[in-house]
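I opened this notebook to keep track of what I looked up in the structure. The entries follow the order of my searches.

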Amino acid sequence: MLAPAPALPPVSLEAAYVEVRAAARPAEDPISILGRAASPAEKLAALESLHSSLPLAPQARRAKGLEAIRAVAVSPAEAPAVRAKALLYLGYAVPVVGDEGARAAAVIALLDSTRSPAYRIFALRGLAPATHDLPAVLEAPVQTTLLGLLDSTLSAEDRITALVVLDAFVRSREDLPRRRPDLVAELEARALLPIEADPAAFAARGLPGARALMIAVIWHSARNRAANGEGAALERASALLTRLAALETDASVKAQIAAFLAAPPPEPAR
């Protein structure tokens with residue numbers, strides 16, 4: 001014989017509505033999760049959700065979201081994995097936020113974080129996308145910070161990443177020679193002049209990838225200057241690259257130099 005089914009408590013219409021409402025309750029705002037105590041897994045999921053939603057959000061929410069990410073990125077109370085992810089997403093969020101104050105605070109947080117060996121690589125990876133739409137007031141701090149890092153002892157990965165950021169900074173500012181000749185002069189003094197003084201030492205130093213990126217920085221800066229009427233800057237860079245081509249032993253770097261030297265002159269800037 002079959003046992004009788006257990007008796008179920010009566011379900012009221014009101015209780016049913018409570019259950020439906022609970023099931024349909026929207027997920028918690030990721031900004032709220034980032035602002036309260038939560039597990040690293042919850043914080044990482046909130047960062048992911050906020051990062052993907054910001055480009056389509058209203059501007060006020062973009063600024064609020066950027067500040068929430070910044071607060072997590074700089075907080076020593078957060079788990080290292082959470083801070084690292086926040087630094088990366090902080091840079092990607094900078095170009096989509098119209099609030100200059102929020103953007104400046106985010107970039108300053110990235111620059112400050114490059115001082116920490118534990119978080120430097122994540123801050124540099126965040127700076128790379130942020131360089132494409134920096135507040136003008138932060139152009140000097142960004143370039144000076146990057147050049148300072150490159151003058152210091154860095155891991156191979158940190159050096160390569162810092163050079164990628166510096167090249168992105170230079171290439172995205174074709175008008176920099178006209179607007180900020182002081183920054184162009186600083187780059188010349190700290191990047192170009194030491195190589196001109198001893199090209200053989202440069203060709204024998206470090207990884208080929210690092211040499212290729214430094215050559216790219218010098219070349220793109222010279223082309224920007226030529227586009228703004230300083231043709232002698234490109235002639236000078238070409239002369240240096242010709243000397244380096246004879247000294248370089250890595251085939252890929254030699255090919256890059258050849259491609260740069262064969263490139264047509266830049267169009268005049270408007």
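Entry 1, the second largest cavity. The model is predicted. I listed the residues that line the second largest cavity and got Gln143, Val170, Arg173, Leu176, Pro177, Val184, Leu187, Ser221, Asn224 and Arg225. I then looked up which elements give two or more residues to this lining, and they are helix 10 (176-179), helix 11 and helix 13. Helix 13 gives the most, with three residues. By type, I noted five nonpolar, three polar and two charged residues in the lining of the second largest cavity. The volume of this cavity came out at about 60 Å³.

Entry 2, the largest cavity. How many cavities of 30 Å³ or more does the structure hold? I found two. For the largest cavity I wrote down a volume of about 110 Å³. I recorded its lining as Val184, Leu187, Glu188, Ala191, Leu192, Ile218, Ser221, Ala222, Arg225, Ala233, Arg236 and Ala237. Two or more of these residues come from each of helix 11 (181-197), helix 13 and helix 14 (231-247). Which element gives the largest share of this lining? Helix 11 does, with five residues. I sorted the lining of the largest cavity into eight nonpolar residues, one polar and three charged.

Entry 3, Arg225 and its partners. Arg225 is in the lining of the largest cavity, and Arg225 is also in the lining of the second largest cavity, so I looked up its salt bridges next. Arg225 pairs with Glu230, and their closest N and O atoms are 2.9 Å apart. Is Arg225 buried or exposed? Arg225 is buried, because its relative accessible area of 17% falls under the 20% cut-off. Glu230 is partly exposed at 29% relative accessibility. I followed the salt bridges outward and found a network that links Glu188, Glu196, Arg225, Glu230 and Arg236. Among its members, Glu188 and Arg236 also line the largest cavity.

Entry 4, salt bridges within helices. My search of the whole structure gave 22 salt bridges. I noted two further pairs. The side chains of Glu67 and Arg70 form a salt bridge, 2.8 Å from N to O. Why are Glu67 and Arg70 separated by about one helical turn? They are three residues apart in helix 4 (residues 59-74). Glu67 is partly exposed at 34% relative accessibility, and Arg70 is partly exposed at 21%.

The side chains of Glu100 and Arg103 also meet in a salt bridge, at 2.8 Å from N to O. Glu100 and Arg103 are about one helical turn from each other because they are three residues apart in helix 6 (residues 100-113). I checked both for exposure: Glu100 is partly exposed, with a relative accessible area of 44%, whereas Arg103 is buried at 4% relative accessibility.

Entry 5, the nonpolar core. The largest nonpolar core has 75 residues, of which Leu90, Val107, Leu166, Met214 and Ile215 touch the most other members. Helix 13 (residues 208-227) supplies the largest share of this core, eleven residues. I picked Val107 and looked up its contacts, leaving aside its neighbours within four places in sequence. Val107 is in contact with Val94, Leu127, Leu134, Leu138 and Val142.

Note on methods. Residues are numbered from 1 along each chain as its sequence is written. This is a predicted model: local features need pLDDT of at least 70, side-chain atom pairs count only at pLDDT 80 or more; totals for chains, interfaces and linings use all residues. Side-chain values use heavy atoms; hydrogens and water are left out. Buried means under 20% relative accessible area, exposed over 50%, partly exposed in between (1.4 Å probe, protein chains only). A nonpolar core is a set of buried Ala, Val, Leu, Ile, Met, Phe, Trp, Tyr and Cys residues joined through side-chain atoms within 4.5 Å. Contact means heavy atoms within 4.5 Å. On a 1 Å grid over the protein atoms alone, a cavity is a set of points where a 1.4 Å probe fits but cannot get out, and a pocket is an open set with protein on both sides within 12 Å along at least five of seven lines; lining residues have an atom within 4 Å of a point. Grid points are joined across faces, edges and corners, and a volume is the space filled by probe spheres set on the points. Ala, Val, Leu, Ile, Met, Phe, Trp, Tyr, Cys and Pro count as nonpolar, Asp, Glu, Lys and Arg as charged, and the others, Gly among them, as polar.
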